[in-house]
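Biologist: Hey, I'm new to this one. Can you pull it up and walk me through it?

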Amino acid sequence: MVESREVRLAAIPEGVPGQEHFEVVSAPVADPGPGEVLVRNRYFQVSARLRTLLAGDIEGTPLPPVRVGEVPPSITVGEVVAVGAGGGARVGEVVSHWAGWREYAVLPVAACTPLGDSLPDPVAHLGSGWTSYAALTVHARLRAGETVLVTAGGGGVGSLVGPLARVLGAGRVVATARTREKADRVVAELGYDAAYVVGTDAIEDVDVVVDNVGGADLRAALAAARPGARVALVGALSGQAGAAPVELDTFGLILRGISLHGVNTRPDPDERDEWLARFGGWLRSGALTFPHVRVSGIDSAPRALQEVIEGRHVGTVAVYL
Ligand SMILES: NC(=O)c1ccc[n+]([C@@H]2O[C@H](COP(=O)([O-])OP(=O)(O)OC[C@H]3O[C@@H](n4cnc5c(N)ncnc54)[C@H](OP(=O)(O)O)[C@@H]3O)[C@@H](O)[C@H]2O)c1
């Protein structure tokens, strides 16, 4: 039996979650039963997307809402340290799973994905790479030389979409950010050709949009979309509780032949393998990096969430344990 520290939701936030909405507690973790493993978590992702799950009951979210006293879910990488009766995994194996925000987790073997050595550093499994890749290739059907706009281009998804678009042959790759300072940072740190503050700057004409924000960013992106543009709708960061409403001139979209595609990625195993092989190759060759920020210690996780939502970081935020 080991003691594990974990972060629990202490109160449902009215708006933006702050550190006061969480508590860090120590709890004993049982030995793994038949068909289970004990995993020592190494790092987990902290994303603004959690805000929707903390807001109470919202229908249709990909994961269930987090109740007071529960530990939030998050994509996590850890190492198997004990295996229950029946086997199915081996001690020392590195796996990903969704039982994050805690140091140790007991899980069914089936809830763990063995990572092997597909990526040079397993931390890159915390990124939303498959989503980014599918948004650009399957949904937006990016063609060589086209101009790509990524809203919230410095977030976890955005920071992969921009560089990936470049590797996939895009011409200009541009982003939005909420402040001038952040816009300048994403140009300097992620290599965007330009970054715009919606409501302040005029956005250049674009062929492909990957939208992580909804609301005013989506409206501005559609205004800048060329005839025949494809828009991949990935996220709704501007929505406080799951919805990011925006009024659209559908007549204008029809006349310009602009298509909107909702991205809800659940890759089948073959697609996942194909993505990991390509991603691993690009990381090893140096064609891509995995933009991420390391935050140390379980106690730092609530502050990290607040900082992500405030837009203080560039890339995926990973809490190292
Ligand atoms: N469809 C799918 O399969 C799929 C998969 C993964 C993620 N998602 C969704 O994609 C979106 C992005 O996820 P992520 O992991 O990239 O999130 P993230 O890393 O937490 O994003 C951080 C960024 O969010 C921006 N942001 C935060 N609050 C905002 C607001 N109110 N308005 C505008 N921007 C705001 C900040 O932009 P600034 O830098 O400008 O401040 C910050 O840089 C989320 O909505 C997530 O649910 C969808």
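Modeller: Sure, and one term before we start: contact here means heavy atoms within 4.5 Å. This is a predicted model, where local features need pLDDT of at least 70 and side-chain atom pairs count only at pLDDT 80 or more, while totals for chains, interfaces and linings use all residues. Residues are numbered from 1 along each chain as its sequence is written, and side-chain values use heavy atoms, with hydrogens and water left out.

Biologist: Okay, how is the chain divided?

Modeller: Into domain 1 (2-126 + 290-320) and domain 2 (129-262), with bounds from an automatic or database domain assignment. Their centres, taken over C-alpha atoms, are 28 Å apart.

Biologist: And how many residues of each domain are in contact?

Modeller: 16 residues of domain 1 touch 16 residues of domain 2. The two bury about 1100 Å² between them, with carbon and sulfur atoms giving 51%. Buried area is the accessible area (1.4 Å probe) that two parts lose on being put together, summed over both.

Biologist: Which three residues supply the most on the domain 1 side?

Modeller: Arg-51, Pro-291 and Val-314, which supply 44% of the area domain 1 buries against domain 2, more than any other three residues.

Biologist: How many salt bridges and polar contacts go across?

Modeller: Zero salt bridges across that interface, meaning a side-chain nitrogen of Lys or Arg within 4 Å of a carboxyl oxygen of Asp or Glu. There are seven residue pairs in polar contact, both residues at pLDDT 80 or more. A polar contact is a pair of N or O atoms within 3.5 Å; within protein, one must be able to donate a hydrogen and the other to accept it, and residues adjacent in sequence count only if both atoms are side-chain atoms.

Biologist: Switching topic: which residues come nearest the ligand?

Modeller: Of 23 residues around the ligand, Ala-48, Gly-156, Val-157, Lys-182 and Val-263 come nearest. "Around" means a heavy atom within 4 Å.

Biologist: What does Lys-182 do there, in terms of atoms?

Modeller: One of its polar side-chain atoms lies 2.5 Å from a ligand oxygen. On the backbone side, a polar atom of Val-234 is 3.1 Å from a ligand nitrogen, and an N or O atom of Ala-236 is 3.2 Å from a ligand oxygen.

Biologist: Back to salt bridges, how many does the rule count?

Modeller: The count comes to 14. One pairs Arg-42 with Glu-79, their closest N and O atoms 3.6 Å apart.
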